[in-house]
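Reader: I have a new protein in front of me and would like to walk through it with you. Shall we look at it together?

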Amino acid sequence: MHESWKPFLESEFQQPYFKTLSEFLHEAYATKTVFPAKGQVFRAFTADLGAVKVVILGQDPYHTPGAAHGLAFSVPNSQPIPPSLVNIYKEIDSEYGSHKNQGGDLACWQKQGVLLLNNVLTVEAHKAGSHRGKGWEIFTEATVKYLNDRCDHLVFLLWGRDARSKKSLISQDKHLVLESPHPSPLSASSGFFGNGHFRRANEFLAEHGLAEIVW
């Protein structure tokens, strides 16, 4: 974890809800197959807080072996590109003509200031949503509040119900909130395609003197 996140994380780790969550995770990792690997659970927090410009909120990690590695929507380049990320790339292509990243690893976005944060940070193998309601949602809400209060001129991309539920936590007088259906094949055609979020995000960053994201 990056040093800039230390005050926030240390405070959250001491909260009663997180102690309960930690006990659950200790048991889960000891007795079941859980993704991502322990060392990658907080990978979204390895980049400098002060460099964050765009926040993309996902749901929970991929539940198939080898896919989840701590960044929302991202997979190692050795893995097939998941359907939701395929649709994300399709939307970028429609806005910019092409996307620059040829694999599924979105670390290149993280390096540019994109926080790729799931609503729930762990999952049991082959059981989507299995770690919901254990405390991660409280942690994610606290993260969004912290970003809202500590940063200026962020772009929040809220795709799907879980992400859009965080809208009320964000001060829209200083941040840009863009919301649409989730890029999943089940919902992408209902408003994700054509949302223009990637270009609008860059326009907002440019308006505030910040470098645009190379999508």
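Reader: Among contacts in the protein chain between residues at least 6 apart in sequence, what percentage join residues at least 24 apart?
Author: Happy to start there, and please keep in mind that this is a predicted model. The contacts considered are those between residues at least 6 apart in sequence. The share of them that joins residues at least 24 apart is 67%.

Reader: Thanks! How many helices and strands does the protein chain have, and what pattern do they follow along the sequence?
Author: The protein chain contains six strands, and its helices number seven. Reading along the sequence, you meet them in the order α-α-β-β-α-α-β-β-α-β-α-β-α.

Reader: Why can the protein chain be called as compact as a globular protein of that length?
Author: For 215 residues the globule rule gives 17 Å, and the radius of gyration is close to that, so the protein chain is as compact as a globular protein of that length. Along the principal axes, the C-alpha trace spans about 45 × 35 × 30 Å. The radius of gyration itself is 16 Å.

Reader: What percentage of the residues count as buried, and what part of the exposed area do carbon and sulfur atoms supply?
Author: Of the 215 residues, 52% count as buried. The protein chain exposes about 9,800 Å². Of that exposed area, carbon and sulfur atoms supply 50%.

Reader: How far apart do the centres of the positive and negative side chains lie?
Author: There are 21 positive side chains and 22 negative ones in the protein chain. Taking the centre of each set, the separation is 3 Å.

Reader: Which residues touch the most other members of the largest nonpolar core?
Author: In soluble globular proteins, nonpolar side chains tend to be buried together. Here the largest nonpolar core has 62 residues. Those touching the most other members are Phe 45, Ile 56, Trp 109, Trp 136, Phe 139, Leu 147 and Trp 215.

Reader: Let's zoom in on Trp 109. Which residues does Trp 109 touch, not counting residues up to four places away in sequence?
Author: Trp 109 is one of the core residues that touch the most other members. Setting aside residues up to four places away in sequence, its contacts are Ile 56, Ile 88, Tyr 89, Ile 92, Val 114, Leu 116, Phe 198, Val 214 and Trp 215.

Reader: Which two residues does a cis peptide bond join?
Author: Look in the loop between strand S1 (34-35) and strand S2 (54-58), where Pro 36 is found. Omega is about -5° for this cis bond. The two residues joined are Phe 35 and Pro 36.

Reader: Phe 73 has a positive phi although it is not a glycine. Is Phe 73 buried or exposed?
Author: Phe 73 sits in the loop between S2 and helix H3 (83-96), and its phi is about 70°. Its relative accessible area is 7%, and under 20% is the cut-off for this class. Phe 73 is therefore buried.

Reader: And where is His 153, and what is its relative accessible area?
Author: His 153 lies in the loop between helix H5 (136-150) and strand S5 (155-159). Phi of His 153 is also positive, near 55°. The residue is partly exposed, with a relative accessible area of 29%.

Reader: How far apart are the C-alpha atoms of Gly 129 and Asp 60?
Author: Gly 129 is in the loop between strand S4 (123-124) and H5, and it is partly exposed. Leaving aside neighbours within four places in sequence, Gly 129 is in contact with Asp 60 and Val 123. Gly 129 and Asp 60 are 69 residues apart along the chain, yet their C-alpha atoms are separated by 6.5 Å.

Reader: Which residues does Tyr 146 touch, not counting residues up to four places away in sequence?
Author: Tyr 146 lies in helix H5 and is buried, at a relative accessible area of 15%. Its C-alpha atom is 31 Å from that of Ala 30. With residues up to four places away left out, Tyr 146 touches Trp 5, Pro 7, Phe 8 and Leu 49.

Reader: One last pick: what is the C-alpha to C-alpha distance between His 26 and Lys 38?
Author: His 26 is in helix H2, and at 57% relative accessibility it counts as exposed. His 26 and Lys 38 are 12 residues apart in sequence. In space, C-alpha to C-alpha, the distance is 9.9 Å.

Notes: Residues numbered from 1 in each chain as written. Predicted model: local features only at pLDDT ≥ 70, side-chain atom pairs only at ≥ 80, totals over all residues. Heavy atoms only, no water. Helix = DSSP H or I, 4+ residues; strand = E, 2+ residues; numbered from the N terminus. Rg over C-alpha atoms; globule rule 2.2 N^0.38 Å. Buried < 20%, exposed > 50% of the residue type's maximum accessible area, 1.4 Å probe, protein only. Contact = heavy atoms within 4.5 Å. Areas by Shrake-Rupley, 256 points an atom, 1.4 Å probe, with all protein chains shown as cover. Lys, Arg positive; Asp, Glu negative; His and termini not counted. Charge placed at Lys NZ, Arg CZ, Asp CG, Glu CD. Core = buried A, V, L, I, M, F, W, Y, C linked by side-chain atoms within 4.5 Å.
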